[in-house]
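Me: I'm new to this one, so could you take me through it and explain where the labels come from?

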Amino acid sequence: MYKTGIISLSVLLLFTACSGDDGTNGENGSNGLNSLVNHQTLAFGSSDCSFGGLMITSGLDADADGTLADNEIENTTYDCEANTVGTAGSRLPYSVLRSDIEDGAKPGANFEIRNGGYGSDMVKHPSNANQFYALTDRGPNASYTGDLGKGKVFPVADYTPRIGLLEIQDNGDVKIIEEILLKRPDGTLITGLPNSSALGGTGETPYSVLDDGTIEVLREDMTQAYDAINNPILLDDYGLDGEGLVALSDGTFWVSDEYGPHMVHFDIDGTEIDRINAFANDDRVTFNLPAEFTNRRANRGMEGLAITPDEKTLVGIMQSTMYNPSSAVKALDIVRIVTVDTETGSVSQYLYKQEKAQNSQSGIFALSATEFVLIERDGAFYASNTDAMKHLYKIDISAATDIETIADTGAWIQDADLGLTKDGQTLEEVVLNEGWDGLTNITPVTKTLVSDLVSEVQYPHDKLEGMWLINESTIGVINDDDFATWASGGVLEQKYLDAGQTVIDANTLYIIENLDL
C-alpha cells in the first residue's frame, strides 16, 4: 500500500554583492524556501483513480510551516493502479445446485445448475467503495409446456431468492462476503414460485424435475396426484422474481420484481417489512402503484429499480411495453417509468422510447433527483449476432411529461384501470395505431448514449442486467447467467455462450472507465 508522507528538499539561494573598490563583503542573501512533496493513497473508487493509486502533490512551503497547504500546491500527478478486471471481465464464484439432469445439448452427459445467478441487478454498497450488492431472480427455470399448459420448469423448486454482498479484490477477483436469503414477514423463507392470479400471477404453471429426470406439475403434495381442489398447483404469494435492487444507507433493501410487479422492502436480514404494488385488495401494502401496472407482460415486469440520492423516491422502470390492455400492443417501443415517494405514496409516471421495439430495460440507477443511467438491450449473443445491442443511456425526466398530472379534458381521460387514455385508447394503443405522434401532449424522457458494451468489451452475454456506479466516470456491469441453465424445445440444457458449446455462461463483472456521466 502507498503511504502518505512529506519529502523536503532544501533550496539555497546565494546572493553576492559588490561593495565598492575595497572589495568588502556584501549583505547576506535571504534563506531559500523548502520544496515539499506529498504522497496520498487513493482508495478503490476514487474519482481520480478508479482502482486506487497515489496522488502526488508538490510546491514551495511559502509560510515555512513544514506543511504543504492547498494554496501552496503547484503540481499534482497521479500514479493509478491498472484496471484489473479489463475487457475480459472477472467471473463470480458459484456452487453447484444440481448435476444429475441430462444435458439436452450433449446427450449422455449431465449439466450443472449453478448457484451463480447473481446478475438480475447490482448496486453499490452505501459506504464500502469496493463492495456491491447483487440480486438473484426466482431461481433456475426454463420455459416448458406440459399437461397443464405453458409455464416454467423449476429444477430447484425450493430455491430462495437472495441478495449477495460481494467484494472486488486487489487482483480483480470477486469474493462473496455474505448471502442474505429473502423472507416473509414471519421470518420463513420465500420461494421464486409464481403468485396467485389475484396478486400478479399470469397463469404460469410451475413444473418440477424429479430425481429420475421426469417433469411433473409442481403441486402442494408431490407424493399425490394433481387435483385442482385437493392437491392444487403450488404457488407462493410471497414468491418473487427479483429484478431490481436498491441498498439504503440504513442497511435495508428494496427489490422490484417481474410478477406483480411488486416493490418489496426488506430489512438488513432479508425479512419483508413493507410492500408496494398495484393490487388494491392486497392488505400487505402501504401504497399502491397505478392500476394499469397489473397489466405487465409476463417475464417483463419491473426490471429496474433505483432510489434518488435523498433516499426518498423509488424509481422503477418496466422491462418492455406492458400488455395494456392486451398482448395486441406487444411489438412496441413504449416503456413506462414510475416514481413513488416512500413517505407520502405520491406517484409520477413518465414515458421512455426504446431504440428498438421489444428491447429490454434491465437496470437503472440515479445520478440525481432527475437524471439516471439505464440499460437498454436486446436478447442476442454477440458470438452469433455481431449486431447485438447492449447500451447504457443517461436519461433526464426533468422536462418530461408526468402523465399522472394530465387532467381530464376532451379526448384525454384518466381511467381508473387503464391509466391515461386518449379517445378510449391506452397510451400503448395510441402508439400502436397512431405512432408516437399521437401522444400530442406528452414529452418522453430525454436520452443520451453513455456506452456501447458490444463496442467496449465485445460483450458476449445475452442479458446485461445490473450496474454499479463506482464513481462519476466509472460503471461496473454484470450479466444474468440464468444459473447456467437453458432450454431448447422444452428440454433442459447447459447455457453456453458459443455455438461450439465450450464456454458456459457465468456471472461476469466488467468495469468501464472514462464515461461521460
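Reply: Sure. Accessible areas here come from the Shrake-Rupley method with a 1.4 Å probe. For this chain the accessible surface comes to about 22,200 Å², and 47% of that belongs to carbon and sulfur atoms. Keep in mind that this is a predicted model. The chain has two helices and 36 strands, and its C-alpha atoms fill a box of roughly 125 × 65 × 45 Å along the principal axes.

Me: Why is Tyr 133 called buried?

Reply: Buried means under 20% relative accessible area. Tyr 133 has 10%, so the label fits. Phe 253 is at 2%, so it counts as buried too. Across the chain, buried residues make up 54% of the 517 residues.

Me: And what makes the pair of Tyr 133 and Phe 253 edge-to-face?

Reply: Two values matter here. Rings pair if their centres lie within 6.5 Å, and planes over 60 degrees apart count as edge-to-face. These two centres are 4.9 Å apart and the planes stand at 80°, so both conditions are met. Tyr 133 lies in strand β9 and Phe 253 in strand β17, so the pair ties together parts that are 120 residues apart in sequence.

Me: How do you know that Phe 44 and Phe 51 are edge-to-face?

Reply: Try the same cut-offs: centres within 6.5 Å, planes over 60 degrees apart. Phe 44 and Phe 51 come out at 5.4 Å centre to centre, with 80° between the planes, so they pass. Both residues are buried. They also belong to one aromatic cluster with Phe 132 and Trp 468. A search of the whole structure finds eight aromatic pairs.

Me: Why does Lys 447 count as lying over the face of Tyr 393?

Reply: For a lysine, NZ has to be within 6 Å of the ring centre and within 35 degrees of the ring normal. Lys 447 lies over the face of Tyr 393 at 4.3 Å from the ring centre, so the distance is inside the limit. Arg 284 does likewise with Tyr 238, at 4.7 Å from the ring centre.

Me: What makes β16 and β20 edge strands?

Reply: The open sheet has five strands in the order β16-β17-β18-β19-β20, with mixed pairing. β16 and β20 each have a single partner strand, so one side of each is left without a neighbour in the sheet. Strands pair if there are at least two bridges between them. β16 and β17 have five, in the antiparallel sense, so they qualify. Leu 245 stands opposite Val 255 in β17.

Me: Which residues have the most contacts inside the largest nonpolar core?

Reply: Met 263 and Leu 289, in a core of 35 residues. Beyond its neighbours within four places in sequence, Leu 289 is in contact with residues including Pro 261, Ile 276, Met 302 and Val 340. Pro 261 has another feature: a cis peptide bond joins Gly 260 to it, with omega about 5°.

Me: Why is Asp 423 called exposed, while Gln 358 is called partly exposed?

Reply: Exposed means over 50% relative accessible area, and partly exposed runs from there down to 20%. Asp 423 is at 57%, so it is exposed. Gln 358 is at 29%, so it falls in between. Gln 358 is in the loop between β24 and β25, and Asp 423 is in the loop between β29 and β30. Phi is positive in both: near 70° for Gln 358 and near 55° for Asp 423. Most residues other than glycine have a negative phi.

Note on methods: Residues numbered from 1 in each chain as written. Predicted model: local features only at pLDDT ≥ 70, side-chain atom pairs only at ≥ 80, totals over all residues. Heavy atoms only, no water. Helix = DSSP H or I, 4+ residues; strand = E, 2+ residues; numbered from the N terminus. Core = buried A, V, L, I, M, F, W, Y, C linked by side-chain atoms within 4.5 Å. Buried < 20%, exposed > 50% of the residue type's maximum accessible area, 1.4 Å probe, protein only. Contact = heavy atoms within 4.5 Å. Phe/Tyr/Trp six-rings, centres within 6.5 Å; stacked < 30°, edge-to-face > 60°.
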